[in-house]
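Thank you all for making the time this morning. I would like to walk you through one model, beginning with its strands and then turning to its aromatic rings.

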Amino acid sequence: MNTPYWKNLQPLRIPAFWTVKHYQFMDIEPEELDTKDDKWLTLFVEDILQIEKHFKRKINKKIEQQTVSIDLGWYPDGDPSGRFHLVAILNHNWEAPFLQFTSRSKKEIVEALEYWLFGIFCDIHFIENENDFRKMYEYYP
């Protein structure tokens, strides 16, 4: 009997107020998978995980809003020699991620993702200046 796919999903700790948009992140380390395995074509793809959080604030009777998206993919798509790419995007500006981390290790990706969620974004209520934010965290995984 085959195990249902959802029992092989990577467990993640995600704080309140984040919305899961896409979740296909499997509990498989790439180094443990044979290069000829079909899982490369279905599980190690560009769209593995996407979550987002909306921020709002009111200044001078005007409401300002932001969206932070965190996206995880495997690049090149389906390629056993590829890597995970984890990015954080502000206001759907996919051309200029303000946080980035790459690794072949699922464990390192999970650690970086959970650090971003709890170590960085839990204390953020609004990103005042994207460039300053980027400089502050450019060396963090």
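**Strands, a helix and some rings**

Let me start at one particular position, where Phe84 stands opposite Ser103 in S5. Please keep in mind throughout that this is a predicted model. Strand S4, residues 83-90, is joined to S5 by five bridges, and the two run antiparallel.

Stepping back to the whole sheet, we have five strands in an open arrangement, ordered S1-S2-S3-S4-S5, with antiparallel pairing. At the edges stand S1 and strand S5 (99-103), each of which has a single partner strand, so one side of each is left without a neighbour in the sheet. From one strand to the next, the twist averages 15°. Helix H2 packs on this sheet, where it touches S2, S3, S4 and S5, and its direction makes about 160° with that of S5.

Within strand S2, which covers residues 49-59, I would pick out Gln50. Leaving aside residues up to four places away in sequence, Gln50 touches Thr19, Val20, Lys21, His22, Ile70, Asp71 and Trp94. Its C-alpha atom is separated by 8.9 Å from that of Gly73, and these two residues are 23 apart along the chain.

Now to the rings. How many aromatic pairs does a search of the whole structure find? The search finds 10. One of them joins Trp18 and Phe121, and because the ring centres are 5.8 Å apart with the planes at 70°, where anything over 60 counts as edge-to-face, this pair is edge-to-face. Trp18 lies in the segment before strand S1 (19-23), while Phe121 sits in the loop between helix H2 (106-120) and helix H3 (130-137), so the pair ties together parts that are 103 residues apart in sequence. Both partners are buried, Trp18 with a relative accessible area of 10% and Phe121 at 0% relative accessibility.

A further pair, between Trp40 and Trp74, is tilted, with 5.6 Å from centre to centre and 50° between the planes. Since Trp40 belongs to helix H1 (residues 39-43) and Trp74 to strand S3 (residues 62-75), this pair ties together parts that are 34 residues apart in sequence. Here too the partners are buried, Trp40 with a relative accessible area of 2% and Trp74 at 0% relative accessibility.

Finally, that brings us back to where we began, as ring pairs link Phe84 into a cluster with Phe25, Trp40, Phe44 and Trp74.

Note on methods
Residues are numbered from 1 along each chain as its sequence is written. This is a predicted model: local features need pLDDT of at least 70, side-chain atom pairs count only at pLDDT 80 or more; totals for chains, interfaces and linings use all residues. Side-chain values use heavy atoms; hydrogens and water are left out. Rings of Phe, Tyr and Trp (its six-membered ring) pair if their centres lie within 6.5 Å; planes under 30 degrees apart count as stacked, over 60 as edge-to-face and the rest as tilted. Helices (H or I, at least four residues) and strands (E, at least two) are DSSP runs, numbered from the N terminus. Buried means under 20% relative accessible area, exposed over 50%, partly exposed in between (1.4 Å probe, protein chains only). Contact means heavy atoms within 4.5 Å. Two strands pair if DSSP finds at least two bridges between them. Axes are lines fitted to C-alpha atoms, for helices over the stretch in contact, and angles run from 0 to 180 degrees between N-to-C directions.
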